[in-house]
Number of protein chains: 2
Amino acid sequence: MEEINIVKIGGKVIDDENARNEFLARLAKIKKNIVLVHGGGKVANQVLTSMGIEPKMVNGRRITDADTLRVVTMVYTGLINKTITAKLNSLNRCSVGISGVDGVLLDAVKRPVKDIDYGFAGDITPEGVNAQLLIDLVSNGYTPVIATIAADKNAQLLNINADTVASTLAAGLAQKVKTNLFFCFEKKGVLMDANDDNSVIPLLNSENYPKLSAQGIFSDGMIPKLENAFNTINKGVNKVIIGNSNDVEGFFEAEHKGTMICK
Amino acid sequence: MEEINIVKIGGKVIDDENARNEFLARLAKIKKNIVLVHGGGKVANQVLTSMGIEPKMVNGRRITDADTLRVVTMVYTGLINKTITAKLNSLNRCSVGISGVDGVLLDAVKRPVKDIDYGFAGDITPEGVNAQLLIDLVSNGYTPVIATIAADKNAQLLNINADTVASTLAAGLAQKVKTNLFFCFEKKGVLMDANDDNSVIPLLNSENYPKLSAQGIFSDGMIPKLENAFNTINKGVNKVIIGNSNDVEGFFEAEHKGTMICK
């Protein structure tokens with residue numbers, strides 16, 4: 001196998017049916033090996049509310065109590081995963097929707113309680129990735145579609161952050177096959193000037209990143225994403241691109257769209 | 001591959017955590033190729049009710065309107081499928097939970113409206129089964145766990161009767177590999193006397209079935225199950241066994257438990 005490309009989506013591409021279908025139509029046409037990782041969007045909050053359960057978030061991360069875990073499992077691995085998979089299949093890109101649970105794709109542990117008790121939230125490591133399952137599916141012509149629920153060794157289901165799943169799968173796969181990691185978000189890339197959508201920084205590496213970082217141009221929200229990207233590169237991933245979901249075809253070109261992060 | 005055994009569970013084995021875990025512990029130890037098909041049990045009704053949606057059934061079959069479809073997709077392919085899969089994994093039987101949607105395992109069509117409008121209910125045929133996906137998973141050492149939601153060619157999700165899924169998967173697989181089909185239910189088998197739980201008929205075939213049927217010993221609920229079993233045998237399935245989930249190990253023995261249906 002030449003390479004595998006992990007594409008992570010979230011936000012509007014999950015929540016808005018038109019945006020989602022437009023994105024999936026783009027993705028379906030790309031003649032490359034793809035693994036799609038999807039977040040949960042706002043659907044889980046709507047279902048929680050309709051069941052009289054209040055969604056709880058701290059620092060942008062969900063507090064997953066037992067009732068919430070049931071709902072996010074239903075929404076992520078059920079409704080969203082099967083909606084996306086069925087759509088890709090209808091676009092003639094044959095896809096198999098699974099989660100971290102399946103084939104122990106992700107061997108998770110419950111996050112230890114420190115300052116904040118995140119409840120049934122899980123942590124994962126690249127060593128706990130069953131990369132062979134993804135390689136087998138891709139080799140057989142399927143596009144794996146991954147929902148971000150996993151389980152621990154005692155069958156306790158756990159909710160995992162979607163960016164973390166994408167990065168950890170990439171690092172796990174990179175030990176066996178050349179792997180690229182593409183994060184889709186609302187902006188065209190990492191911006192030099194937060195007020196100018198066209199000020200995309202095409203390349204960040206260990207040379208220019210510390211200098212730009214010292215100039216304070218990266219927002220508080222962007223810094224953990226970039227640290228995560230460099231961390232993934234250090235674990236053997238070939239390249240990371242952060243860019244807009246409407247530009248997804250462009251991530252696969254030599255003259256790439258978005259911001260590329262590499263060594 | 002020597003053979004594949006499809007095991008269908010429903011009812012108490014889905015609804016009752018202790019009964020489910022006991023069954024899965026039995027299943028996990030059986031050193032045979034297994035595909036597990038699970039129904040939805042009563043969990044979907046509980047979730048529907050908690051969301052203020054009234055469950056609707058006619059003749060024991062669900063009327064699946066748009067809201068109900070969302071919920072059964074969440075419950076069957078999400079909560080139940082991942083709970084079972086995680087449990088089997090924790091018992092060292094590495095399992096992959098999928099649905100009819102995934103890899104177009106089941107190519108479904110919406111049921112035409114005749115007397116009753118079942119809503120988003122689907123029909124399937126053995127020709128519409130992607131048997132190779134199951135064969136690949138089983139060959140790689142995984143136990144596929146199947147939730148009974150599928151999609152049509154336009155990505156419309158559809159709810160499929162679990163007995164129908166098990167039978168159709170078996171007929172589809174039988175075209176490629178020797179296939180047995182085991183239905184788990186509450187009784188020890190098909191009974192000669194409905195009031196005597198130990199009056200199990202060990203064997204039904206084309207010779208004794210018409211005679212026993214003419215004597216009127218089969219209940220209204222059992223007749224469609226038996227017609228379905230004979231239909232499956234006529235489509236190439238090696239044998240069908242109907243028996244109690246507590247006897248599941250016994251289905252795999254030469255001196256089988258339950259009622260065996262064959263030619």
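How many residues does the contact take from chain B and from chain A? The contact takes 33 residues from chain B and 33 residues from chain A, where two residues are in contact if their C-beta atoms, placed from the backbone, lie within 7 Å. The structure is a predicted model, in which local features need pLDDT of at least 70 and side-chain atom pairs count only at pLDDT 80 or more, while totals for chains, interfaces and linings use all residues. Residues are numbered from 1 along each chain as its sequence is written, and chains are lettered from A and ligands numbered from 1 in the order in which they are written.

On the side of chain B that touches chain A, the elements giving two or more residues are helix 4 (66–90), strand 5 (95–99) and strand 9 (149–151) of chain B. Helices (H or I, at least four residues) and strands (E, at least two) are DSSP runs, numbered from the N terminus. Helix 4 of chain B supplies the largest share of this side, 13 residues. By residue type, the side of chain B that touches chain A divides into 15 nonpolar, 12 polar and 6 charged residues. Here Ala, Val, Leu, Ile, Met, Phe, Trp, Tyr, Cys and Pro count as nonpolar, Asp, Glu, Lys and Arg as charged, and the others, Gly among them, as polar.

Chain B is superposed on chain A by a rotation of 180 degrees with 0.0 Å of shift along its axis, at an RMSD of 0.0 Å. The two copies are thus related as by a two-fold rotation axis. The superposition is by least squares on the C-alpha atoms of residues with pLDDT of at least 70 in both copies. Of the interface residues of chain B, 100% are also interface residues in chain A, so the copies meet through the same surface.

Within this interface, helix 4 of chain A packs against helix 4 of chain B at an angle of about 110 degrees, and their axes are 7 Å apart. Axes are lines fitted to C-alpha atoms, for helices over the stretch in contact, and angles run from 0 to 180 degrees between N-to-C directions. Helix 4 of chain A and helix 4 of chain B are therefore roughly perpendicular to each other; angles under 35 degrees count as roughly parallel, over 145 as roughly antiparallel, 65 to 115 as roughly perpendicular and the rest as oblique. Their crossing is right-handed, a crossing being left-handed if the near helix is turned anticlockwise from the far one by less than a right angle, and right-handed if clockwise. Among the residues that meet are R70(A), M74(A), G78(A) and K82(A) in helix 4 of chain A and R70(B), M74(B), G78(B) and K82(B) in helix 4 of chain B. The residues of this contact divide into 6 nonpolar, 6 polar and 4 charged.

Helix 4 of chain A also packs against helix 3 (residues 43–50) of chain A, at an angle of about 130 degrees and with the axes 9 Å apart. These two helices are therefore oblique to each other, and helix 3 of chain A passes helix 4 of chain A in a right-handed crossing. The contact is made by V43(A), A44(A), V47(A) and L48(A) of helix 3 and by T68(A), V71(A), V72(A), V75(A), L79(A) and I80(A) of helix 4 of chain A. Its residues divide into 9 nonpolar, 1 polar and no charged. V75(A) and L79(A) are also among the residues of helix 4 of chain A that meet helix 4 of chain B.

Most residues other than glycine have a negative phi. N92(A), which is not a glycine, has a positive phi of about 65 degrees, and it is found in the loop between helix 4 and strand 5 of chain A. V104(A), also not a glycine, has a positive phi of about 45 degrees and lies in the loop between strand 5 and strand 6 (109–110) of chain A. N92(A) is exposed, with 9 other C-beta atoms within 10 Å, whereas V104(A) counts as buried, with 23 C-beta neighbours inside 10 Å. A residue is buried if 20 or more other C-beta atoms lie within 10 Å of its own, exposed if 12 or fewer, and partly exposed in between, with C-beta atoms placed from the backbone.

In chain B, A174(B) is found in helix 6 (residues 162–174) and counts as buried, with 24 C-beta neighbours inside 10 Å. Leaving aside neighbours within four places in sequence, A174(B) is in contact with T179(B), K235(B), G236(B) and V237(B).
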